Amino acid sequence: MSTVKINDIVNDYGLMLDGKMGDENIEISKNTLRLLLADYDISSRCTSLQIPNEDIKAKAIQMFFVAKKIEGCTDKTLAYYNTILSKFFTEVQTDFQNISADDVRYYLAKMSVQNHLSKCSQDNELRVLKSFFKWAFGEGYISKIPTLNIKSIKQEKRIKKPFTEMQLEQMRHHLTHSGSLRNVAIFETLNSTGVRVSELIGMNRDDLRDDEITVFGKGEKERIVYLNTKAKLAIKEYLSSRTDSNNALFVSSRQPITRLTIGSVESIIREVGEALGIPKAHPHRFRRTSATLALNRGMPIEQVQQMLGHESINTTTIYARSEKENVKSSHRKYVV
């Protein structure tokens, strides 16, 4: 764009300010306009910016990720968003500014049949699309929100059972006799704190303060979780046995010494479950167990929410559903 054209715009803008723009501010405005308008072609016959729709889409996607990064989304979350949006725009070739609710519904239906997506996965993808299109509308990239009237996909609500106290004791006994101080420490930490497995592997030695550990949850949100006596002792014994200088709290048992991965922790818990005949043994089940036991023993739900790092208490209420055994026991106690 020519300097003359920029000067014309700046001068017009200056007149709009009724002469209150000083020479210094006019020069700043010139430089700002050069940056903002560098990628646009302005027709002398049109007062609006003329930008191809594909460029608008690319710019919208790019700035969406910038916005989400600023909001605190992790690289893992951004990568997931990128996967969903890439899939969607590969399948849906409709002009970006004319995408309709039917286009979105068609995409979800196709993914369901073609990729055998579960209702849970479909709803997760829909939430990403809703977030993107709502943001794009708010920023002026599109004139309507195609997902506005698309309702969340209903899923079968199955109550996922926590470990029983007997199963916990069986696993503790098995691990204690396995000879692995690390695996015992992992078990006790999961059981005491109810942390996500991603939070567990992200723990460092210098995050440990007596019976407290600082963890970073979703969105890199920091919180403190607490160790009971068994977990505190198990970690102390494990760290005393280590000779490496790696700052990670839980590391590989073989050279080279590296931070444990999510897959490694999942394998440890799964193998213990298989050895004891405990089905569906995985790290996240400890999270459910810790919350359920805490609630059953009288811990206020707001404190359980804080312990788990839930942003919404509605998420925590999932764990507040009483089990059949608890209802039966209470019935005998209160209904006579």
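A search of the whole structure, which is a predicted model, turns up 14 salt bridges, a salt bridge being a side-chain nitrogen of Lys or Arg within 4 Å of a carboxyl oxygen of Asp or Glu. One of them joins Lys-110 to Glu-91, with 2.7 Å between the closest N and O atoms. Lys-110 sits in helix H5 (residues 101–114) and Glu-91 in helix H4 (residues 75–91), so this pair ties together parts that are 19 residues apart in sequence. Helices here are DSSP runs of H or I with at least four residues, strands are runs of E with at least two, and both are numbered from the N terminus. Lys-110 is partly exposed at 25% relative accessibility, and Glu-91 is partly exposed too, at 27%. For these labels, buried means under 20% relative accessible area, exposed means over 50%, and partly exposed is what lies in between (1.4 Å probe, protein chains only).

Glu-199 turns up in two salt bridges. With Arg-196, the N to O distance is 2.5 Å; with Arg-223, it is 2.9 Å. The second of these pairs links distant parts of the chain, since Glu-199 belongs to helix H9 (residues 197–201) and Arg-223 to strand S3, 24 residues away. Both Glu-199 and Arg-223 are buried. Elsewhere, Glu-169, Arg-172 and Glu-188 are joined into one network by salt bridges that share partners. As for the numbers, Glu-199 counts as buried at 2% relative accessibility, and Arg-196 counts as buried at 13%.

A few words on conventions fit here. Residues are numbered from 1 along each chain as its sequence is written. Because the model is predicted, local features need pLDDT of at least 70 and side-chain atom pairs count only at pLDDT 80 or more, while totals for chains, interfaces and linings use all residues; side-chain values use heavy atoms, with hydrogens and water left out.

Aromatic rings come next. The whole structure holds 16 aromatic pairs. Rings of Phe, Tyr and Trp (its six-membered ring) pair if their centres lie within 6.5 Å; planes under 30 degrees apart count as stacked, over 60 as edge-to-face and the rest as tilted. Phe-64 and Phe-65 have ring centres 5.7 Å apart and planes at 65°, so they make an edge-to-face pair. Phe-64 is buried at 0% relative accessible area, and Phe-65 counts as buried at 15%. Phe-89 and Phe-133 also meet edge-to-face, at 6.4 Å centre to centre with 65° between the planes. That pair bridges helix H4, home of Phe-89, and helix H6, home of Phe-133, across 44 residues. Both Phe-89 and Phe-133 are buried. Ring pairs link a whole cluster, including Phe-64, Phe-65, Tyr-81, Phe-89, Phe-96, Phe-133 and Trp-135.

Two members of that cluster, Phe-89 and Phe-96, are in contact with Lys-57, leaving aside its neighbours within four places in sequence; contact means heavy atoms within 4.5 Å. Lys-57 is found in helix H3 (residues 53–71), and it is buried, with a relative accessible area of 15%.

Helix H6 itself covers residues 119–138, 20 residues in all. At 1.5 Å a residue it should span 28 Å, and its end C-alpha atoms are 28 Å apart, which agrees; the expected span is 1.5 Å times one less than the number of residues. Its buried residues include Leu-126, Leu-129, Phe-132, Phe-133 and Trp-135. After H6 comes Gly-140, with a positive phi near 85°.

The strands form an open sheet of three, in the order S1-S2-S3 with antiparallel pairing. Strands S1 (208–209) and S3 (222–226) stand at the edges with a single partner strand each, so one side of each has no neighbour in the sheet. S1 and S2 (residues 212–216) pair in the antiparallel sense over two bridges, and two strands pair if DSSP finds at least two bridges between them. In this pairing, Leu-208 stands opposite Ile-213 of S2.

Taken as a whole, the chain has 15 helices and three strands. Of its 336 residues, 37% are buried. Among contacts between residues at least 6 apart in sequence, 56% join residues at least 24 apart. The chain exposes about 21,000 Å², and carbon and sulfur atoms supply 52% of that; the areas come from the Shrake-Rupley method with a 1.4 Å probe, and for residues only the protein chains shown count as cover.
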